[in-house]
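Student: Could we take a close look at one part of this model together? I am new to it and would like to follow some charged side chains.

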Amino acid sequence: MAVRSHVDVGTGRTAERSSEVVVRSFQARRTRRWGGPTAAVLGLSFLVAGCTSGGDEDETTDLERAQAQVAAAEKDLADAQDESQKATEAFCSGGTDYVKALDRYGDIITSSAPTVGDVVTGGADLREPREDALAAGQTAQRARQDVADAENALAEAKAELAAVEASASGVPVEPEESPTAEPTPLAPADAINRVKQADADFTATQQGITDETPLDQASQQFNAAVVSLEMAWMQLVVQAGCLDDQQRIAAQEAARAYTTALQQSLSAAGYYTLAVDGIYGPGTVQAVQDLQSTHGLPVTGTVDKATEAALQADLAAQGAAQSAIDLTTTAALQQTLKLAGYWDGPVDGQWTDALTAALMQFQTDLGVPATGAVDAATVAAFEAAIAAAKAPAPSPTEEEPTDEATTMDE
């Protein structure tokens, strides 16, 4: 109101002074010509003063109204932003609680032991935290829409204020159309769609499990669906900004370390042929799906208990086969060294310090570095020695002449 008083007072005085100057000048001319002011001249003075003062007052009222609208819009935006922040925090809390509830059955974090009742009561236990998380997500998204609406209202109020100020100054201003603000999504669309798909798959899995479903099959199907849903929600919570910078970095490092180990295991088992990069991308998903398909498990692309057990079984089989190869190779080395006269111990496939010493002596006699390992140089020297041993003996005509033959020639 200080602005209005200043403007009203200043404008009024200016109008009065301007009117007085005009009237006195006109009266002087009239006095010189007709001897005094007329009623028309007096009426003109009031007309001039009234028009000038009244017009400024109207413009001042419009300006104040526009300024008040901007102030109100700014407050509305601040309130909307505050509510949006609270709604996002509520979603983060509800989403985290739901992930924890899922983990009871997925065993990604806590590694708890499931029970027979898990398959039966899982749906009931998860229903409330699921509804809370979904409701919190919808509220958070509506709050973000409110922020966008408040931003648009503020832009319109500022545009109106600029128009009023331009009109008061007498400078024409071309109206500018402000871009319409769109609400910021709670998370990327792919993360939201992944949750929707995993949720639909989980519901379908639950509905497909009946009293006639074998327990092991029901457990596999239920656990696979829960793990997929839990992983999807974990990604959603992270991408919604629910973690601070330190937590986010720690989560990324943990995910990379886990994926790197998984890729290495899948590679050793023969399912993964790409670079081990720690990124759970399409190649890793396909390798997990191939593993699940091979073992007749639900094909989800995520590693649940049954999938992990199948992978470990494959690795154990690979390890047993490799151990057999190593045993055969060691036994072959022992036999070779025995034939060559460098080993007098048993041919049992067990690598010992004595066998290492025998191999090093063998390498020294072959003229290769004594590494204690069967390397390429050792194999090449050994093959050369065998080839030389198999070469036919020189014929007598190729032998050097004896002293007796030399004497006879002389």
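Student: In which helix do Asp 62 and Arg 65 lie, and how many residues apart are they?

Tutor: Happy to help! This is a predicted model, so local features need pLDDT of at least 70 and side-chain atom pairs count only at pLDDT 80 or more, while totals for chains, interfaces and linings use all residues. Residues are numbered from 1 along each chain as its sequence is written, and side-chain values use heavy atoms, with hydrogens and water left out.

Now to your pair. Asp 62 and Arg 65 both lie in helix α2 (residues 39-106), 3 residues apart, which is about one turn of the helix. Helices here are DSSP runs of H or I with at least four residues, numbered from the N terminus. The two residues form a salt bridge, with their closest N and O atoms 2.8 Å apart. That term means a side-chain nitrogen of Lys or Arg within 4 Å of a carboxyl oxygen of Asp or Glu. Side chains of opposite charge can pair when their charged atoms come close.

How open are these partners? Asp 62 has a relative accessible area of 35% and Arg 65 has 42%, so both count as partly exposed, the range between buried (under 20%) and exposed (over 50%), using a 1.4 Å probe and protein chains only.

For another example, Asp 199 forms a salt bridge with Arg 130, again with closest N and O atoms 2.8 Å apart. This pair links distant parts of the chain: Asp 199 is in helix α4 (residues 189-208) and Arg 130 in helix α3 (residues 116-169), 69 residues apart. Here Asp 199 is buried at 14%, whereas Arg 130 is partly exposed at 26%.

Technical notes. Helix = DSSP H or I, 4+ residues; strand = E, 2+ residues; numbered from the N terminus.
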